[in-house]
Amino acid sequence: MQNTFTVTLVEATLLTPKVRHLKLKCHDGQPLEFTPGQFVSFHFPVEGAKEIRRSYSLASIPGQSSHIELALGYVKGGIASEALFSAKPGDQFTMSGPYGRLILRDEKPQRYIMVATSTGVTPYRSMLPALAARLNDIKVVIMLGVQTRGDALYNEDFLAYVNQYPNLDFRLCYSRESDKEQLQPFEHLGYVQDQFALLNPSPDNDIVYLCGNPNMIDAAYEILKEKGFSAQQVRREKYVS
Ligand SMILES: Cc1cc2nc3c(=O)[nH]c(=O)nc-3n(C[C@H](O)[C@H](O)[C@H](O)COP(=O)(O)OP(=O)(O)OC[C@H]3O[C@@H](n4cnc5c(N)ncnc54)[C@H](O)[C@@H]3O)c2cc1C
């Protein structure tokens, strides 16, 4: 049965000029129970028509936040974008969930490769404590693709874990920067899926997660299929309306 509930916006901040981080709380005061990697849906009423729903991955880091945290990328003229970018603390919304199967499973690959574009990195942010619990036994590479340095989000959260866990590698890739001199060790030029050429992914060792822009996901999946990956070894979540 669908879990529908009312949420109140507690805080909204800009992570980048085009991405808003929202903190919401449930009306009953209880934290939302979810598995990292899942998403929630907003329900927007439309007069005389069927309500409109839009989905957002949960960015909340368990143990660090009891709020529903989301990262919302702005789409000009978009129904949810306009409503949620103009929302103020105290505003209430109808939401349902959690939903989704882009979650960690009970398995032990040699390595997880987790790839995202922009807000598609939110599921991996939420998974950080669960990944950390596995990092003695396996390696994890988290790769985030954005256009420019100013579009990057949640770097500090990933880098804080990298500092603690040698088996965690975080790579930030810029598709529209060109100055090699300015790059820090975790920064790279080019599309995020270009990094596969450096990682030598193998279906014998790796499980891959892909989240965000459908074009990136299709391009990455093609590369992985060529290397012998099956659909079950490449878990995908496309951010489409
Ligand atoms: C499982 C799931 C999880 C998602 N998680 C997130 C998330 O964590 N953060 C997030 O920001 N989004 C996420 N999305 C996408 C989100 O649900 C909406 O599709 C997005 O916010 C646009 O909705 P909108 O109502 O603002 O725009 P709409 O009213 O749906 O679209 C307005 C116009 O913009 C076009 N459009 C829609 N999306 C884009 C885009 N990305 N780029 C360019 N044009 C576009 C549409 O085709 C349409 O012409 C997720 C989607 C899914 C399916």
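Which residues does Thr94 touch, not counting residues up to four places away in sequence? Keep that one in mind while you get oriented; the tour comes back to it in a moment. One thing to know before you click: this is a predicted model.

**Stop 1: colour the two domains**

Give residues 4-99 one colour and residues 111-238 another, and you have domain 1 and domain 2. Their centres, taken over C-alpha atoms, sit 24 Å apart. The contact draws on 21 residues of domain 1 and 15 residues of domain 2.

**Stop 2: Thr94, in domain 1**

Now select Thr94, which you'll find in strand β6, residues 92-99. Show its surroundings and you get the answer to the opening question: Thr4, Phe5, Ser41, Phe42 and His43. Thr94 has 33% relative accessibility, so it counts as partly exposed. If you want a distance to draw, go from its C-alpha atom to that of Lys23: 14 Å, for two residues 71 apart along the chain.

**Stop 3: where the domains meet**

Next, turn the model until you can look at the boundary between the two colours. Domain 1 and domain 2 bury about 1300 Å² between them, and 58% of that is on carbon and sulfur atoms. On the domain 1 side, pick out Thr16, Ser57 and Ile61: these lose the most area to domain 2, together 30% of what that side buries.

How many residue pairs are in polar contact across the interface of domain 1 and domain 2? The rule finds four, with both partners at pLDDT 80 or more. Now highlight β1 (4-16), β2 (19-26) and β5 (68-73), each of which supplies at least two residues of the domain 1 side that touches domain 2. β5 gives the most, with five residues. Colour that side by class and you'll see 13 nonpolar, seven polar and one charged residues.

**Stop 4: the salt bridge across the boundary**

Stay here and show Glu69 and Arg125 as sticks. Side chains of opposite charge can pair when their charged atoms come close. Glu69 and Arg125 form a salt bridge, with the closest N and O atoms 3.1 Å apart. The pair brings together distant parts of the chain, since Arg125 is in helix α2 and Glu69 in strand β5, 56 residues apart. Across the interface of the two domains, the rule finds one salt bridge.

Are these two buried or exposed? Arg125 has 7% relative accessibility, so it counts as buried. Glu69 is at 6%, so it counts as buried too. Add Asp157 to the selection: Glu69, Arg125 and Asp157 are linked in a network of salt bridges.

**Stop 5: Thr119**

Move on to Thr119, in the loop between β7 (111-117) and α2 (122-132). Leaving out residues up to four places away in sequence, Thr119 touches Val19, Ala71, Leu72, Gly73, Leu153 and Tyr239. With 11% relative accessibility, Thr119 counts as buried.

**Stop 6: Tyr209 and its neighbours**

Select Tyr209, in strand β11 (residues 206-212). Its relative accessibility is 0%, so Tyr209 counts as buried. Beyond its neighbours within four places in sequence, the residues in contact with it include Leu102, Ile103, Leu104, Tyr112, Met127 and Arg235. The C-alpha atoms of Tyr209 and Leu104 are 9.6 Å apart, although the two residues are separated by 105 places along the chain.

Which side chain does Tyr209 reach through a polar contact of 2.8 Å? It's that of Arg235. Keep Arg235 on screen and add Glu107: these two form a salt bridge, the closest N and O atoms being 2.7 Å apart. Glu107 comes from the loop between β6 and β7 and Arg235 from strand β12 (residues 234-238), so this pair links distant parts of the chain, 128 residues apart. Arg235, at 8% relative accessibility, counts as buried, while Glu107, at 23%, counts as partly exposed.

**Stop 7: a pair within one helix**

For the last stop, show Glu222 and Lys225. Their salt bridge has its closest N and O atoms 3.2 Å apart. They are three residues apart in helix α5 (residues 214-226), which means about one helical turn separates them. Glu222 is partly exposed at 44% relative accessibility, and Lys225 is partly exposed at 39%. If you'd like to go hunting for others, the structure holds nine salt bridges.

How values were computed. Residues are numbered from 1 along each chain as its sequence is written. This is a predicted model: local features need pLDDT of at least 70, side-chain atom pairs count only at pLDDT 80 or more; totals for chains, interfaces and linings use all residues. Side-chain values use heavy atoms; hydrogens and water are left out. Domain bounds come from an automatic or database domain assignment. Contact means heavy atoms within 4.5 Å. Buried area is the accessible area (1.4 Å probe) that two parts lose on being put together, summed over both. A salt bridge is a side-chain nitrogen of Lys or Arg within 4 Å of a carboxyl oxygen of Asp or Glu. A polar contact is a pair of N or O atoms within 3.5 Å; within protein, one must be able to donate a hydrogen and the other to accept it, and residues adjacent in sequence count only if both atoms are side-chain atoms. Helices (H or I, at least four residues) and strands (E, at least two) are DSSP runs, numbered from the N terminus. Ala, Val, Leu, Ile, Met, Phe, Trp, Tyr, Cys and Pro count as nonpolar, Asp, Glu, Lys and Arg as charged, and the others, Gly among them, as polar. Buried means under 20% relative accessible area, exposed over 50%, partly exposed in between (1.4 Å probe, protein chains only).
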